[in-house]
Amino acid sequence: HGDRSFVRPPETETLMIDVYSWPTPNGHKVHIMLEECGQKLGRDWRVHPVNIGAGEQFQPDFLRISPNNKIPAIVDPHGPDGKPMSLFESGAILLYLAAKFGKLLPKTDRQKFEVLQWLMFQMGGVGPMLGQAHHFRIYAPQKIDYAIERYTQEARRLYRVMNERLQRSPYLGGRSYSVADIAVFPWLRSWQNQGIDWADYPALKAWFDRIAERPAVQRGVAVLAAARQPLTDDKARDALFGQQQYRRGQ
């Protein structure tokens, strides 16, 4: 199975994919994708916690595979040519795993690009904008009314776009569950912090509930969930929100 460019490893060889991650929406995308592809944590892949609140994303070993100092990143010991391959950026990782396992991305060009536009919608809109809404509403040290209003309204606009799409389609990418749904779902789990009232988006809420019921999704969002702690100290704020990463370039 999978893309023809991938060489099957010997049946006797057990090679686990290493996932460097933390329990954030972007991390959960990859955890869910692996579980949906039939890859079981502890059997087919292993997780290496990268505590982004403690600044572990700036460690040299991690930066070698994720130069943008963001989780998640993976190392596949058996890449397309049979040699190890590392990847960063959650969207790229989803596409890599879809190709490797031949799942969750349609084969025909028309259906594939219909899915990909919604994956890019998540990467360029849902993730960044909902992240900003979350930041300014919950974590910013100063409550800036303009920023809260701007990003809350943008969050609601994006929810509206998805709701309208799901009034016409069972899944974001079309008729079938795909990487587009996997990419979006973890970002909507914090809907309350984004200023959202589900009553305004019934089609999207129905989709969200269906995705949440999937066993692989439930396993994926449970990965490292116990490790995440509330953001309470200045060191964690520094690691997450700027000054530590900015100092690296000076």
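**Entry 1: H1 and H6**

I looked up how H1 passes H6 in this predicted model, and I recorded a right-handed crossing. The axes of H1 (residues 25-36) and H6 come within 8 Å and cross at roughly 140 degrees. I therefore entered the pair as oblique. An angle over 145 degrees would have counted as roughly antiparallel.

I then listed the residues in contact. From H1 I noted Pro25, Asn26, His28, Lys29, Ile32, Met33 and Glu36, which meet Val179, Ile182, Ala183, Phe185, Pro186 and Trp187 of H6. By class, the residues of this contact divide into nine nonpolar, two polar and two charged.

**Entry 2: the loop after H6**

I followed the chain into the loop between H6 (179-188) and H7 (202-212), where glutamine 194 lies. Is glutamine 194 buried or exposed? I found glutamine 194 buried, at a relative accessible area of 1%. Leaving aside residues up to four places away in sequence, I listed its contacts as Leu130, Arg137, Thr152, Ala155, Tyr159 and Trp187. Trp187 also appears among the H6 residues that meet H1.

**Entry 3: H7 and H8**

For H7, I recorded Ala203, Leu204, Trp207, Phe208 and Ile211 as the buried residues. They cover an arc of only 135 degrees around the axis, so they lie on the same side of H7. I noted the general background that an α-helix has 3.6 residues a turn, so residues three or four places apart point the same way. Against which helices do the buried residues of H7 pack? I found H5 (145-168), H6 and H8 (215-222).

For H8, the buried residues are Ala216, Val217, Gly220 and Val221. Their arc is only 125 degrees around the axis, which puts them on the same side of H8. I traced their packing to H1, H6 and H7. After H8 comes leucine 224, for which I noted a positive phi, near 65 degrees.

**Entry 4: backbone details in two other loops**

I examined the loop between H2 (60-63) and S3 (73-76), which contains proline 72. The peptide bond from isoleucine 71 to proline 72 is cis, with omega near 0 degrees. Asparagine 69 is found in this loop too; although not a glycine, asparagine 69 has a positive phi of about 45 degrees. Its relative accessibility is 7%, so I entered asparagine 69 as buried.

I last turned to glutamate 89, in the loop between S4 (85-88) and H3 (90-101). Glutamate 89 is not a glycine, yet I read a positive phi of about 80 degrees. With a relative accessible area of 36%, glutamate 89 is partly exposed.

Key
Residues are numbered from 1 along each chain as its sequence is written. This is a predicted model: local features need pLDDT of at least 70, side-chain atom pairs count only at pLDDT 80 or more; totals for chains, interfaces and linings use all residues. Side-chain values use heavy atoms; hydrogens and water are left out. Helices (H or I, at least four residues) and strands (E, at least two) are DSSP runs, numbered from the N terminus. Buried means under 20% relative accessible area, exposed over 50%, partly exposed in between (1.4 Å probe, protein chains only). Contact means heavy atoms within 4.5 Å. The arc is that of the directions from the helix axis to the C-beta atoms. Axes are lines fitted to C-alpha atoms, for helices over the stretch in contact, and angles run from 0 to 180 degrees between N-to-C directions. Angles under 35 degrees count as roughly parallel, over 145 as roughly antiparallel, 65 to 115 as roughly perpendicular and the rest as oblique. A crossing is left-handed if the near helix is turned anticlockwise from the far one by less than a right angle, and right-handed if clockwise. Ala, Val, Leu, Ile, Met, Phe, Trp, Tyr, Cys and Pro count as nonpolar, Asp, Glu, Lys and Arg as charged, and the others, Gly among them, as polar.
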